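Here is a predicted model to talk through together. Let's ask how a few of its labels are earned.

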Amino acid sequence: MNSVFLLGDSVSHSLSPAMQNAAFEALHIDCRYLVRQVGRADLAGAVEDMRVDDEILGANVTIPHKESVIALLDELDPLARRIGAVNTISRQSGRLKGWNTDVDGFRRAAAECDYVLDSKVAIIGAGGAARAVAAALPPDAEVWVIARHVDQAGRLCRDLAIERGLPMGIDRMQAAIESAELVVNATPTDLPPVSWLRPEQRLFDLRSRRSVEGRAMLLHQGAASFEIWTGRPASLAAMRAALERAAEAVTA
């Protein structure tokens, strides 16, 4: 049986296995999706295991490895190269290629949940997920990237050539959020405090276990990853149903 892995730290409660295994079952593909707990020191070994195992189709990559995994791969899709972050790996004849489906996932989820992106956007975080969100925004959006380390936020803005907006330290987060029309939480923590948000303001929380929009992004990026691994379009209906069941089980 073939396998696809989710590589990351603290992945034991991920909703992805239920969703992806439902997609494999819907198309009668003999493959299983498994989580693999991988710390920073173990990433190179996990990637090498993929390279030498012919029964591994690929992997998803999550926190904290979306940027650091790039140096371990043989090839990058142009979008992943521009963003500087990988969330999907495909394997063919022992060569590993990095992709980024988070950009498409965010755009599709935003459209599905009626989010307006060409506005003043405050992104909390400057890691791989934040990079994908910034890349997904239209050129006329005004983007503020807020991070604990302002140099990391600055590097994101430079790498993605963000012309309208600027990097900010965490000490300026409240002021940025008060001026934004859309706030995106691209961190694993509870940010921003609810009291900082205006009634008409929109919050897009990327955490799939916490928000409808986060699960929509997980669904669409996962479907794009599935097609990369298998060459076949995924059953969105099967994936969505499994995702919602898994989310309900977590909150029950």
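Q: Why is Arg207 called buried?
A: Its relative accessibility is 16%. Buried means under 20%, so Arg207 counts as buried. Arg207 sits in the loop between β11 (202-205) and α8 (212-230).

Q: Which residues is Arg207 in contact with, leaving aside its neighbours within four places in sequence?
A: Happily, there is a list to look through: Asn185, Thr187, Pro188, Thr189, Asp190 and Gly214. Contact here takes heavy atoms within 4.5 Å.

Q: What makes Asn185 a bridge partner in β10, and for which residue?
A: Asn185 of β10 is the bridge partner of Ile124. Strand β10 (residues 182-185) and β7 are joined in the parallel sense over 4 bridges. Two strands pair if there are at least two bridges between them, so β7 and β10 count as paired.

Q: How do you know that β7 pairs with β8 (residues 142-147)?
A: Try the test again: 5 bridges link these strands, and at least two are needed, so they pair, in the parallel sense. One place to look is Ile123, whose bridge partner in β8 is Val145. Between β7 and β8 the chain passes through helix α5 (residues 128-136), and this β-α-β crossover is right-handed.

Q: What makes α5 mostly covered?
A: Of its 9 residues, 9 are buried, among them Gly128, Arg131 and Val133. The cover over the buried residues of α5 includes α3 (78-83), α4 (102-112), β7, α6 (150-159) and β10.

Q: How many residues of β7 (residues 120-124) are buried?
A: In β7, 4 of its 5 residues are buried, and this strand is mostly covered too.

Technical notes: Residues are numbered from 1 along each chain as its sequence is written. This is a predicted model: local features need pLDDT of at least 70, side-chain atom pairs count only at pLDDT 80 or more; totals for chains, interfaces and linings use all residues. Side-chain values use heavy atoms; hydrogens and water are left out. Buried means under 20% relative accessible area, exposed over 50%, partly exposed in between (1.4 Å probe, protein chains only). A crossover is right-handed if, with the strands pointing away from the viewer, the path from the first strand over the helix to the second runs clockwise.
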